[in-house]
Amino acid sequence: MTDPFVCPRCHGVLESAAGGTRCTACGNAYPVVGGVPCMLEDPSLWRALWKSRLDDYLAAIAQRLSALDAEANAPNLLEKTRKRIRHVHDAVASDRRAFVELFADLVPREAAGGPKLLPGADPRTGDTPVIEYSEHLFRDFVWGQSETESALGLVKRLASQPLGKTAVYGVGTGRLALDVQRELGAERTVGLDIHPLPLLVTSRLLRGEELELHEYPLAPHSSEATAVRHRLKAPFPKPENVAFAFADALRPPLAPGSLDTVITPWFVDAVAADIRETAAAVNVALRPGGVWLNYGPLRFQGELSRLYVIDEVHDIVSATAFELGTRFSEDVPYFHSPHSGTHRTDRVFGFAARKTGETPALPPPPLFAAWLSDTSLPIPVSRSFAGLQKTSILTVGILSMIDGRHSLADIATSLAQQWGVPPAVLMAELRPFLARLPFD
Ligand SMILES: C[S@@+](CC[C@H](N)C(=O)[O-])C[C@H]1O[C@@H](n2cnc3c(N)ncnc32)[C@H](O)[C@@H]1O
């Protein structure tokens, strides 16, 4: 298949360049990372962000491994309990090696091994976006055949015409794109996602490699099932005419009006955009008469005014120059791992919508603020930064007095004097503040 991508910034034509491509119009460069073209508007920022997330993950895992070590060595444990903890410990250590190896393709060479000046996320928060979608890998390449078949079945029910030039937004592991191309004979299928892990894995599997990773099911059935070792391999050879890219699907590296079909599986709830912005972006990418096939849940977190119910979504889609066709809602199994003791069922909404005209431009939110990419731009004042500044000043003041010698009363007296507030008022806030900090 000829390279389907254009420059996501200016839609210019790309030419080959060292390690990837370059736009012949604006000159922006797009590297290939782990065999996947990195078609984000600012690839180096995206890579640097994931490098820092990898650092956070490694810090969190180091803490987790020493906590597991300590637990396994505690006295008075059943031998079985000790063995189970060591089993999980070894699995986590093995996954750490696998993730570091996988991300080696992504970490910018200039950033690797350099001194780290700024703090990362607190490893105790457990916030590890690096492994956020790892369970999708087991569903899509190990035990989830009925769920992948059901996903393809939903697309079949929605599609009333040949798919033609197709894009899958938020493609995850890429499994649906592979199935759509193989089973529904699209002219070509492009899969776009901003998360590196699933596509880095899939890219290796499609090159014939196998990977060992562990699944950590909720409520496991047995000691062994606390960490289930899986050997991942491609379910079939890569079909012709499928291409994946790391890309913001709302600013896709595709010529406007060039797609016959856009599929958004479990995407509208996950993308950081209002459904109005998503609908407008899908409209721009489709040719007149092209179709948008959507299925998945609706957004359930955020401001109430943005948590649309399905009737509102239908109205928004119709108002964005689409004509609605097939629609359904039904409950589907969600990650029914055979190793887990708990299973979810989710209500998904499906619709097919045909583009009837061009919609007024509604630029989607950028993945990164302009001033993060163009470092000469002034950083705008934001209300949340002002709040953060205030909290940070207060927190630094308090933490700077915790040195193993001062009591709460000492801190309240000293800071109350500095800040010009009554010590009793400060004390009333200090105690709950410190009660929430982790002292370990
Ligand atoms: C809930 S997951 C669904 C994955 C896959 N479609 C599936 O059904 O298993 C949502 C996916 O959307 C991706 N995503 C979120 N925002 C995106 C964006 N702006 N562009 C491309 N992908 C995005 C996430 O990284 C994630 O892989």
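These are my notebook entries on the sheet, the ligand site and two hairpins of this structure.

**Ground rules.** I am working with a predicted model, where local features need pLDDT of at least 70, side-chain atom pairs count only at pLDDT 80 or more, and totals for chains, interfaces and linings use all residues. Residues are numbered from 1 along each chain as its sequence is written, and side-chain values use heavy atoms, with hydrogens and water left out.

**The sheet.** I took helices (H or I, at least four residues) and strands (E, at least two) as DSSP runs, numbered from the N terminus. I called two strands paired if DSSP finds at least two bridges between them. I then traced an open sheet of seven strands, in the order β9-β6-β5-β10-β11-β13-β12. Its pairing is mixed. At the edges I found β9 (242-246) and β12 (322-334), each paired on one side only. Neighbouring strands are turned by 15 degrees against each other on average, direction ignored. For angles, axes are lines fitted to C-alpha atoms, for helices over the stretch in contact, and values run from 0 to 180 degrees between N-to-C directions.

I followed β12 to β13 (residues 344-355) and found 11 bridges in an antiparallel pair. There V332 faces D346 of β13.

Next I looked at helix α6 (residues 196-206). It lies across β6 (188-193) and β9, at about 145 degrees to β9. Contact here means heavy atoms within 4.5 Å.

**The ligand.** Which residues come nearest? Of the 17 around the ligand, they are R139, G170, D193, D248 and P265. A residue counts as near if one of its heavy atoms lies within 4 Å. I then checked polar contacts to the ligand (pairs of N or O atoms within 3.5 Å). A polar side-chain atom of R139 sits 2.6 Å from a ligand oxygen. For D193, a polar side-chain atom is also 2.6 Å from an oxygen of the ligand. G170 uses a polar backbone atom, 2.7 Å from a ligand nitrogen.

The ligand alone exposes 590 Å², and the protein buries 91% of that. Accessible areas come from the Shrake-Rupley method with a 1.4 Å probe. Two elements, α3 (134-143) and β6, give two or more residues to the shell.

**Two hairpins.** I ended with β1 (residues 14-17) and β2 (residues 20-23), antiparallel and joined by four bridges. A17 has G20 as bridge partner. Two residues separate these strands, and G19 takes a positive phi near 75 degrees.

β2 also pairs antiparallel with β3 (residues 29-33), over three bridges. Here G20 partners P31. Five residues lie between the strands, and G27 has a positive phi near 85 degrees.

Key: Polar contact = N/O pair within 3.5 Å; in protein donor to acceptor, adjacent residues only side chain to side chain.
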